[in-house]
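Reader: I have a structure open on my screen and would like to go through it with you. Could we take it one topic at a time?

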Amino acid sequence: MKNKQTNPSANAPLPVRELYCPSHFGNTYEATLPGEMTALLSEAKFWGYNRFSDWFDTIDLYDIYDKKHSLFNMPEAIWARKFGNFKCAADLGFELGLVVTPNHVFSNQVTPANEAQKTGHFFGQLVCPSKEGVNEMILNNYRNLFRDFSERGLRLGAISGGAYDYGGCACQNCKPWIVSFGKLFKQIAELAEEFFGKISIDLWGWWWTDDDHREFTKWADAKAPGYFKTMAFHLPYGVTDYALRPIPKNCAEKAFVHISYGEKSNRDSYSHFGANIAPVRLEKTVKYLAARKAAGFLAYSEGDHDDINKAILGGLSSGQYSTADETLKAYTKRHFGTSPAGWSELLHRMGDFETMETARCRKLFNKLALGARVTWRFQQIEERLKMAEAQRAASAE
């Protein structure tokens, strides 16, 4: 079955449809092997994604580029998995992107002398860029990483900088942190371009405040005019449009779209209540981005449990479908083979875990299940319904 636009009223494609798949915390992308990863990314490409990205999270890892042994320990395994995923994406024709959090470093690089000053908002293995030698150490980390990409034949087409999670320093010399971040990220981006030539230098607005946007924009327009190409605005849980805040001149708008939760509650995230389903939220988000003439989005995915949301966001943003209903019908026809209209109704009803009508959903599911292809995608939906039924039963007691 080819995916193609069948409705002339469908949205024009958003140019950048980036699937951000951080492989960490034992999630799907960290645990999967190349065959399964290729299958997952091939499916994502089917729905319209055109850029793949990851973040080299160094939590609990020693400096893999400065070791005195040839053992294959956890750091080596993490690096192998990440680069393996990038290769799967490259082989499928995705543009490659990298998310960076500049002052989050390897565990054995943090010392009492160089550790960042933390607040409740700043966490991770953080060093202070204003301390002697730290800026050079950070740049050397990225020089090693970019060389690693290059020697593996993997070309980055974009790099996105995040100031927080993990990141930050609250010392007087780093205030305001958002400007210190900008200076450091610009140096890292310039280093990346030494290896890969001209790439898109993007900003990732996760947790940025109003003050952050004002201060960063003032600095960027004065010291780095036109350097940053896009800003992925933060969309808090349940929100489908971003606050219009200052961004650097000639910097296009994007959104940071979290697809690993349902319609509303952040309790319904990361597969805590089974498959993540959000047709209403994601349709509104894409319509908003289209109305803003945005450059695209950075879609945050934590695993195969958001497979339905991947399809909805990809199908709508690539212009193949004009509504979530159309996308869900195509998805269920592709994977289940029975009554696309019925499945679309069910998945809409299952989006908000807290208000799901379990009896009604159970009756509809049992009807639709007759003759359906039973795969892990089918089982995810059934398990979400079972968890909702169990929660209702427990709450009743």
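Reader: Are Tyr242 and Tyr288 buried or exposed?
Author: Tyr242 and Tyr288 are both buried in this predicted model.

Reader: Which other ring pair should I look at, and what are the distance and angle for Tyr237 and Tyr261?
Author: The ring centres of Tyr237 and Tyr261 lie 4.8 Å apart with the planes at 75°, so this pair is edge-to-face. Tyr237 sits in the loop between β6 (230-234) and β7 (252-258), while Tyr261 sits in the loop between β7 and α7 (279-291), so the pair ties together parts that are 24 residues apart in sequence.

Reader: Where do those two stand in terms of burial?
Author: Tyr237 is partly exposed, with a relative accessible area of 33%. Tyr261, at 1%, is buried.

Reader: Back to Tyr242 and Tyr288: how are their rings arranged?
Author: Their centres are 5.0 Å apart and the planes stand at 80°, so the pair is edge-to-face. Tyr242 belongs to the loop between β6 and β7 and Tyr288 to helix α7, so the pair ties together parts that are 46 residues apart in sequence.

Reader: How many aromatic pairs are there?
Author: The count comes to 48 aromatic pairs. Ring pairs also link a cluster whose members include Tyr20, Trp55, Tyr166, Trp207 and Tyr270.

Reader: What is notable about the backbone at Trp207?
Author: Trp207 has a positive phi of about 75°, although it is not a glycine. Trp207 is in the loop between β5 (200-204) and α6 (210-223), and at 26% relative accessibility it counts as partly exposed.

Reader: And what is phi at Tyr270?
Author: Phi of Tyr270 is near 55°, again a positive value in a residue other than glycine. Tyr270 is placed in the loop between β7 and α7 and counts as partly exposed, at 30% relative accessibility.

Reader: Why point these out?
Author: Because most residues other than glycine have a negative phi, and most peptide bonds are trans.

Reader: Where are the cis bonds, then?
Author: The peptide bond from Asp165 to Tyr166 is cis, with omega near -5°. Another cis bond joins Lys175 and Pro176, with omega about -10°. Tyr166 is in the loop between β4 (156-162) and α5, and Pro176 is in the loop between β4 and α5 as well.

Reader: Changing topic: which strands pair with β7?
Author: β6 and β7 pair in the parallel sense over 5 bridges, with Thr230 opposite Ala252 in β7. On β7 there are also 5 bridges to strand β8 (residues 296-300), and these two run parallel. The bridge partner of Val257 in β8 is Ala299.

Reader: How many residues of β7 are buried?
Author: β7 is mostly covered, with 6 of its 7 residues buried.

Reader: Which residues touch the most other members of the largest nonpolar core?
Author: Phe146, Phe149, Ile159 and Phe228 do, in a core of 127 residues. Helix α5 (residues 177-196) supplies the largest share, 11 residues. Phe146 touches, among others, Leu98, Leu156, Ile159 and Ile188.

Reader: One last residue: is Lys82 buried or exposed?
Author: Lys82 is buried, with a relative accessible area of 1%. Lys82 is found in helix α3 (residues 74-91), and its side chain makes a polar contact with the side chain of Asp54 at 3.3 Å. The residues that Lys82 touches include Ser23, Trp55 and Phe56.

Definitions and conventions
Residues are numbered from 1 along each chain as its sequence is written. This is a predicted model: local features need pLDDT of at least 70, side-chain atom pairs count only at pLDDT 80 or more; totals for chains, interfaces and linings use all residues. Side-chain values use heavy atoms; hydrogens and water are left out. Helices (H or I, at least four residues) and strands (E, at least two) are DSSP runs, numbered from the N terminus. Buried means under 20% relative accessible area, exposed over 50%, partly exposed in between (1.4 Å probe, protein chains only). A polar contact is a pair of N or O atoms within 3.5 Å; within protein, one must be able to donate a hydrogen and the other to accept it, and residues adjacent in sequence count only if both atoms are side-chain atoms. Contact means heavy atoms within 4.5 Å. Rings of Phe, Tyr and Trp (its six-membered ring) pair if their centres lie within 6.5 Å; planes under 30 degrees apart count as stacked, over 60 as edge-to-face and the rest as tilted. A nonpolar core is a set of buried Ala, Val, Leu, Ile, Met, Phe, Trp, Tyr and Cys residues joined through side-chain atoms within 4.5 Å. Two strands pair if DSSP finds at least two bridges between them. Lists of a residue's contacts leave out its neighbours within four places in sequence.
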